[in-house]
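Here is a short report on one chain. It moves from the overall figures to single residues.

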Amino acid sequence: MATDYDAPRKNEDDSESIEALKERVPDKLSGNVGDEDSDNPSGFELPGADLSDLELDVVVLPPQEDEFTCMNCFLVKHRSQLDHEDASGPICIECAA
């Protein structure tokens, strides 16, 4: 027997009313007020939001003695990840593989 996977699925639970479903969902306002996400304390930002007036403080460190920049992937890697140096510069182990 062939099964039509595109057909809408219905069972006895689908007959519940919207009011019954709303009663089962916990009220978001009845929980702890003031609990903010510790990873995002300023709230949730939607993708594509205008952030042109936002200033970011970024500390840029100079290249360290034990680091190199791979000329293939342009990532800064530790010297232990150096595979070889060619005419263009250092190449990491992952790019050489």
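## Overall figures

Buried residues account for 7% of the chain's 97 residues. The model is predicted. Its accessible surface is about 9400 Å², and carbon and sulfur atoms hold 53% of that area. Contacts that span a long stretch of sequence make up a small percentage: of those between residues at least 6 apart, 4% join residues at least 24 apart.

The chain has 2 helices and 4 strands. Read from the N terminus, the order is α-β-β-β-β-α. Helix H1 covers 18-24 and strand S1 covers 67-69. Strand S2 covers 76-78. Strands S3 and S4 take residues 82-85 and 90-92. Helix H2 takes residues 93-96.

## The loop between H1 and S1

Leu54 sits in the loop that links helix H1 to strand S1. Leu54 is also part of a nonpolar surface patch. The other members are Leu51, Leu56, Val58 and Val60. The patch has an area of about 570 Å².

## Phe74 and the loop between S1 and S2

Phe74 belongs to the loop between S1 and S2. Its phi is positive, about 60°, although Phe74 is not a glycine. The residue counts as exposed because its relative accessibility is 58%, and the cut-off for exposed is over 50%.

## The S3-S4 hairpin

Strands S3 and S4 run antiparallel and are joined by 3 bridges. Leu82 has Cys92 of S4 as its bridge partner. The hairpin has 4 residues between its strands. Gly89 of this hairpin takes a positive phi near 140°.

Pro90 is placed in strand S4. Is Pro90 buried or exposed? Its relative accessibility is 16%, so Pro90 counts as buried. Outside its neighbours within four places in sequence, Pro90 contacts Phe68, Thr69, Cys70 and Met71 as well as Leu82, His84 and Glu85. The C-alpha atoms of Pro90 and Arg79 are 9.9 Å apart, with the two residues 11 places apart along the chain.

## Gln81 before S3

Gln81 lies in the loop between S2 and S3. With 30% relative accessibility, Gln81 counts as partly exposed. What does Gln81 touch, not counting residues up to four places away in sequence? The answer is Phe68, Ile91, Cys92 and Ile93.

Phe68 appears in the contacts of Gln81, and Phe68 appears in the contacts of Pro90 too. Gln81 and Phe68 are 13 residues apart in sequence. Their C-alpha atoms are 8.9 Å apart in space.

## One salt bridge

How many salt bridges does a search of the whole structure find? It finds 1. The side chains of Glu94 and Lys77 form a salt bridge, with N to O at 3.1 Å. Glu94 is in helix H2 and Lys77 is in strand S2, so the pair ties together parts that lie 17 residues apart in sequence. Side chains of opposite charge can pair when their charged atoms come close.

The two partners differ in exposure. Glu94 counts as exposed, at 57% relative accessibility. Lys77 is buried, with a relative accessible area of 12%. The cut-off for buried is under 20%.

## Cysteines without disulfides

A search of the whole structure finds 0 disulfides. Why is Cys70 not bonded to Cys73? The sulfur of Cys73 is the closest cysteine sulfur to that of Cys70, but at 3.7 Å it is too far for a bond. A disulfide needs the two sulfur atoms within 2.5 Å. Cys92 is in no disulfide either. Its nearest cysteine sulfur is that of Cys95, 3.5 Å away.

Cys70 is buried, at a relative accessible area of 0%. Cys92 also counts as buried, at 0% relative accessibility. Cys70 is among the contacts of Pro90. Cys92 is among the contacts of Gln81, and Cys92 is the bridge partner of Leu82.

Technical notes. Residues are numbered from 1 along each chain as its sequence is written. This is a predicted model: local features need pLDDT of at least 70, side-chain atom pairs count only at pLDDT 80 or more; totals for chains, interfaces and linings use all residues. Side-chain values use heavy atoms; hydrogens and water are left out. Patches are made of residues with over 30% relative accessible area and no salt bridge: like charges are joined within 9 Å, nonpolar side chains (Val, Leu, Ile, Met, Phe, Trp, Tyr) within 5 Å. Accessible areas come from the Shrake-Rupley method with a 1.4 Å probe; for residues, only the protein chains shown count as cover. A salt bridge is a side-chain nitrogen of Lys or Arg within 4 Å of a carboxyl oxygen of Asp or Glu. Buried means under 20% relative accessible area, exposed over 50%, partly exposed in between (1.4 Å probe, protein chains only). Contact means heavy atoms within 4.5 Å. Two strands pair if DSSP finds at least two bridges between them.
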